[in-house]
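This report is an introduction for a reader who has not met the structure before. It takes up charged pairs, then strands and helices, and finally two single residues.

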Amino acid sequence: MKKILTIKDIAQRAGVAKSTVSRVLNNSGYVGEETRKKVEKIIAESNYLPSATARSLSKQESNTIGVVIPEADNTFFGEALRGISEIVDKNDLTMIFCNTENNQHKEQKALHMLEEQRVRGLILTPTADYSSPTEAKQLKRVLDNLKVPVVLMDRRVENPQWDGIYYDNFNGGYKATEALIQAGHKRIGTITGDLRQIHGRERFNGFKQAIFDNDFSLNPRYVYKGDFTTQTAYEITKKMIASGEMPEAIFLSNNLTSIGFVKAIFEARMELGRDICCVGFDHVDTLDILNVDFSYVERDTINMGRMAMQMLLDRIEQPMLPRREHIIPAHLVLKGSEKKK
């Protein structure tokens, strides 16, 4: 197995300065022909390979892309990473992936680490919307220090200065709720996402607008405040069942919320479409495996990953492009859980 050869190792073997080796490795700047041949001969004849990291340090850049996401255990982000990876591989790049677990401290730590690695570009799904001036200033400072193109994916921040690709969360929530209304339901509720985050508020606002546009009144008792996690949705649903006062139908704000809701419903030996109806946000593979006819707002997350990475490549190649923002339309898939059987 070949060892990694640093610029210092090559310089010592050739009896030249590290800057000379750097010029040979990167084919930049003047190097005498005899010296060049000597350095190249050492590399060719030895059982070593030049270090890609050393090369990147000499050039102040690398072929590495940084990707920071908040939930590694969420299939949504797993699929997005697949899409990013496809484009990374096609362009002979490498990827460093960081999971923040929706923790701003971990996010800051990941971004500082990527700065040290001299990544060539960054795809970031923020842990928060950075709506306060202090938080916004902090995020800008950290991203500016990276000195590389940045694409925000899935979650926007207040007053973004970077390229971004997002789904139409408002219309997703609107269409899901409208489907429940068109199915004939009157008492319609929702388990919200984290309303401290923009995409959580957008989905909730879409839900409310559909209610108002159809001359319904919003019953506060049927608005259950969740946080996009399975456990919270599970506990909310158990309390909702125990109260004896359930809505006829409910809009679920993301895939993890749907899983927690369905788990509690099944534990209570209730049936979707008979005891309560629902439409979720995002596809849930597990429900397909269980042959549950679950209606949902579909998002092609693999393709979103591809698009985010291509947007980043465009920015790397054309730094002077105007800031771009792409909104992917919401698509409703109705499989039966939205209506009574």
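Is Arg 201 buried, partly exposed or exposed? With a relative accessibility of 26%, Arg 201 counts as partly exposed, where buried means under 20% relative accessible area, exposed means over 50%, and partly exposed lies in between (1.4 Å probe, protein chains only).

The model is predicted: local features need pLDDT of at least 70 and side-chain atom pairs count only at pLDDT 80 or more, while totals for chains, interfaces and linings use all residues. Residues are numbered from 1 along each chain as its sequence is written, and side-chain values use heavy atoms, with hydrogens and water left out.

**Salt bridges**

Side chains of opposite charge can pair when their charged atoms come close. The structure holds 20 salt bridges, each being a side-chain nitrogen of Lys or Arg within 4 Å of a carboxyl oxygen of Asp or Glu. Three of them are set out below.

| Pair | N to O distance | Separation along the chain |
|---|---|---|
| Arg 155 and Glu 71 | 3.3 Å | 84 residues |
| Arg 201 and Asp 129 | 2.9 Å | 72 residues |
| Arg 299 and Asp 154 | 3.0 Å | 145 residues |

In what follows, helices (H or I, at least four residues) and strands (E, at least two) are DSSP runs, numbered from the N terminus.

The salt bridge between Arg 155 and Glu 71 links distant parts of the chain: Arg 155 is in the loop between strand E6 (150-153) and strand E7 (163-167), and Glu 71 is in the loop between strand E3 (64-69) and helix H5 (75-90). Arg 155 is buried because its relative accessibility is 5%, and Glu 71 is buried too, at 10%.

Arg 201 forms its salt bridge with Asp 129. Arg 201 belongs to helix H9 (residues 198-213), whereas Asp 129 sits in the loop between strand E5 (121-124) and helix H7 (133-146). The partner of the partly exposed Arg 201 is itself buried, since Asp 129 has a relative accessible area of 4%.

In the third pair, Arg 299 and Asp 154, the arginine lies in the loop between strand E12 (296-298) and helix H13 (301-317), and the aspartate in the loop between E6 and E7. Both of these residues are buried. Elsewhere, a network of salt bridges links Arg 156, Glu 202, Arg 323 and Glu 325.

**Strands and sheets**

Strands of a sheet pair through backbone hydrogen bonds, either parallel or antiparallel. Strand E3 is largely enclosed by the rest of the structure, because 6 of its 6 residues are buried. Thr 64, Gly 66 and Val 68 point one way from E3, while Ile 65, Val 67 and Ile 69 point the other way. E3 runs parallel to strand E4 (residues 94-99), and 6 bridges join them; two strands pair if DSSP finds at least two bridges between them. Within this pairing, Gly 66 stands opposite Ile 96 in E4.

An open sheet of 6 strands follows the order E9-E8-E10-E11-E12-E14, with mixed pairing. Its edge strands are strand E9 (223-224) and strand E14 (331-333), each of which pairs on one side only. Strand E8 (residues 188-191) and strand E10 (residues 249-252) run parallel and are joined by 4 bridges, with Gly 189 opposite Ile 250 in E10.

**Helix H9 and its neighbours**

Helix H9 lies across E8, E9, E10 and strand E11 (277-281), and runs at about 175 degrees to E8. Helix H8 (residues 169-182) packs with H9 at an angle of about 40 degrees, their axes being 7 Å apart; axes are lines fitted to C-alpha atoms, for helices over the stretch in contact, and angles run from 0 to 180 degrees between N-to-C directions. Among the residues that meet (contact means heavy atoms within 4.5 Å) are Phe 170 and Ile 181 in H8 and Glu 202 and Phe 207 in H9.

**Two single residues**

Asn 171 lies in helix H8 and counts as partly exposed because its relative accessibility is 31%. The C-alpha atoms of Asn 171 and Leu 81 are separated by 25 Å.

Lys 186 lies in the loop between H8 and E8 and is exposed, at 59% relative accessibility. Leaving aside neighbours within four places in sequence, Lys 186 is in contact with Phe 216 and Glu 248. The C-alpha atoms of Lys 186 and Ser 217, 31 residues apart along the chain, are separated by 9.3 Å.
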